Amino acid sequence: MLFAARKLRLDPLLRNPTVLIVVDRIDLDAQISSTFYATDTPNLVKADSREELGRLLGQDVRKIVIATIFKFGEASGVLNDRENIIVLVDEAHRSQEGDLGRKMREALRTPSCSD
């Protein structure tokens, strides 16, 4: 995931994307964050709260953002509809079919996205 995220950020065809790393457990969040920080990954931010994730997406931050899927729990409406937000989900597959997955997809909805 580290190599994929870094490569995606550098791809000129993606026009400076946001790469959102989504996990479903706090321990996995800490593990992935540690890995990214240990490699001095540039343009990296860990969203420590729902408010911070909302602010990062709302302000159109172009970085690698690490967050748990639970931070989408109180999201309402579209937080960012830019087409070059790439979401990499690690072990959050169990929560993709429920309310959290639906809220995440709604928060990142693009004009071409459909259910």
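**View A. Asparagine 16, a partly exposed loop residue.** In this predicted model, asparagine 16 has a relative accessible area of 38%. Partly exposed covers the range between 20% and 50%, so asparagine 16 is classed as partly exposed. The residue sits in the loop that runs between helix H1 (2-10) and strand S1 (18-23). Its backbone deserves a look. Phi of asparagine 16 is near 60°. That is a positive value, in a residue other than glycine.

**View B. Aspartate 60, a second loop residue with positive phi.** Aspartate 60 lies between helix H3 (50-58) and strand S3 (64-68), in the connecting loop. Phi is near 60° here, and aspartate 60 is not a glycine. Relative accessibility of aspartate 60 is 29%. The residue therefore counts as partly exposed. Its side chain is joined to that of arginine 82 by a polar contact of 2.6 Å.

**View C. Arginine 82 and its two side-chain partners.** Arginine 82 belongs to the loop between S3 and strand S4 (85-90). Is arginine 82 buried or exposed? Its relative accessibility is 12%. The cut-off for buried is under 20%, so arginine 82 counts as buried. The side chain of arginine 82 makes a polar contact with the side chain of aspartate 60, at 2.6 Å. Another polar contact, of 2.5 Å, links the side chain of arginine 82 to the side chain of asparagine 84.

**View D. The buried face of helix H4.** Helix H4 spans residues 99-107. Leu100, Gly101, Met104 and Ala107 are buried in this helix. Look down the axis of H4: its buried residues fall within an arc of 130°, so they line one face of the helix. What covers these buried residues? Strands S1 and S4 are among the elements that do so.

**View E. Aspartate 29, a buried acidic side chain in helix H2.** Aspartate 29 is part of helix H2 (residues 26-38). Its relative accessibility is 5%, so aspartate 29 counts as buried. Which residues does aspartate 29 touch, leaving out those up to four places away in sequence? The list is Val23, Lys46, Ile66, Ala67 and Thr68. Serine 49 gives a distance reference for this view. Aspartate 29 and serine 49 are 20 residues apart in sequence. In space, their C-alpha atoms are 12 Å apart.

How values were computed: Residues are numbered from 1 along each chain as its sequence is written. This is a predicted model: local features need pLDDT of at least 70, side-chain atom pairs count only at pLDDT 80 or more; totals for chains, interfaces and linings use all residues. Side-chain values use heavy atoms; hydrogens and water are left out. Helices (H or I, at least four residues) and strands (E, at least two) are DSSP runs, numbered from the N terminus. Buried means under 20% relative accessible area, exposed over 50%, partly exposed in between (1.4 Å probe, protein chains only). A polar contact is a pair of N or O atoms within 3.5 Å; within protein, one must be able to donate a hydrogen and the other to accept it, and residues adjacent in sequence count only if both atoms are side-chain atoms. The arc is that of the directions from the helix axis to the C-beta atoms. Contact means heavy atoms within 4.5 Å.
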